[in-house]
Amino acid sequence: MPQDYLNEVAPALEKYSQNILQQDVWKRPELNLRDRSLITLAAMIARDQHTELKKYMELALNNGVKPSEISEMITQLAFYAGRENALNAAKVAWEIFHERHVNMKEMPAAEPVLAPVDERSEAHRLDAVQHLFGNTGRPLARYTTDVLFRNLWLRPGLTPRDRSLVTVSALIANGKSAEMPLHLQRAMDNGLSQAQAEEMIAQLAFYIGWPNAFSAQSVATAVFNNRGH
């Protein structure tokens, strides 16, 4: 297939892609290129979007995302967007890493030294789960605590802000509005500003569609109001 297939099939889409997405959205100063790459790549992994996954994974590397961070992102998103999507992303990453002669020994360890648990934050999360589930869902609640919040979220392969950024992006990409408030709150506690959160949603609109972005913005507005922004 020729590289200019899009211009032949859908020239208006090609124009939007070049004039607005590439020349405007990606150049807005509210988020740096590395953040925009993390957001976009997380959405593509979450939605298992094959067509441009390799292109945007390579762009992420060019924009300063480390191979080890992509590895950790794939692991994180296996729990928030599905194992199969993560496995497919891992195949693309393997191909790119070998093309770039990445030292695979630099990938994050399976059992690294974990960060300490923020007991106050964890107590707040447990209260939210108790309010949601009551006395039901105990197996899910136990694995959520033991595997996700006392292990996965404490891994050192991504900063807390980056881990939150890719998780919220994946939730928005898949329309998971019920889970978004807790994770957007966590992202902002981890250093994401309101302006950056709003910019994240605007960026995602071009990749996941306006309805998903509008739904996410409604949830985000409620979170901002609750935080007093």
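## A tour from surface patch to core

Start with helix H2, the element that gives the most to the nonpolar patch, 3 residues. The model on screen is a predicted one.

Select Leu 13, Tyr 16, Ile 20, Phe 206, Trp 210 and Phe 214 together: these residues form a nonpolar patch on the surface, and their combined accessible area is about 640 Å². Colour helix H2 (11-22) and H12 next, as these are the elements that give two or more residues to the patch.

Now pick Leu 13 alone, which sits in helix H2. Is Leu 13 buried or exposed? Neither label fits: its relative accessible area is 44%, so Leu 13 counts as partly exposed, because that class lies between under 20% for buried and over 50% for exposed.

Turn to the interior. Select Ile 70, Ile 172, Leu 184 and Met 200, the residues with the most contacts inside the largest nonpolar core, a set of 56 residues. To see what builds this core, show the elements that give two or more residues to it: helices H3 (33-46), H4 (53-62), H5 (67-81), H6 (83-99), H9 (160-173), H10 (180-189), H11 (194-208) and H12 (210-227). Among these, H3 supplies the largest share, with 8 residues.

Which residues does Ile 172 touch, leaving aside those up to four places away in sequence? Show Met 180, Met 200, Ile 201, Leu 204, Ile 208, Asn 212 and Ala 216 around Ile 172.

For the last stop, select Tyr 80, Leu 148, Phe 149 and Leu 152. These belong to a second, separate core, which has 6 residues.

Notes
Residues numbered from 1 in each chain as written. Predicted model: local features only at pLDDT ≥ 70, side-chain atom pairs only at ≥ 80, totals over all residues. Heavy atoms only, no water. Core = buried A, V, L, I, M, F, W, Y, C linked by side-chain atoms within 4.5 Å. Buried < 20%, exposed > 50% of the residue type's maximum accessible area, 1.4 Å probe, protein only. Helix = DSSP H or I, 4+ residues; strand = E, 2+ residues; numbered from the N terminus. Contact = heavy atoms within 4.5 Å. Patch = residues over 30% accessible without salt bridge, like charges linked within 9 Å, V, L, I, M, F, W, Y side chains within 5 Å. Areas by Shrake-Rupley, 256 points an atom, 1.4 Å probe, with all protein chains shown as cover. Salt bridge = Lys/Arg side-chain N within 4 Å of Asp/Glu carboxyl O.
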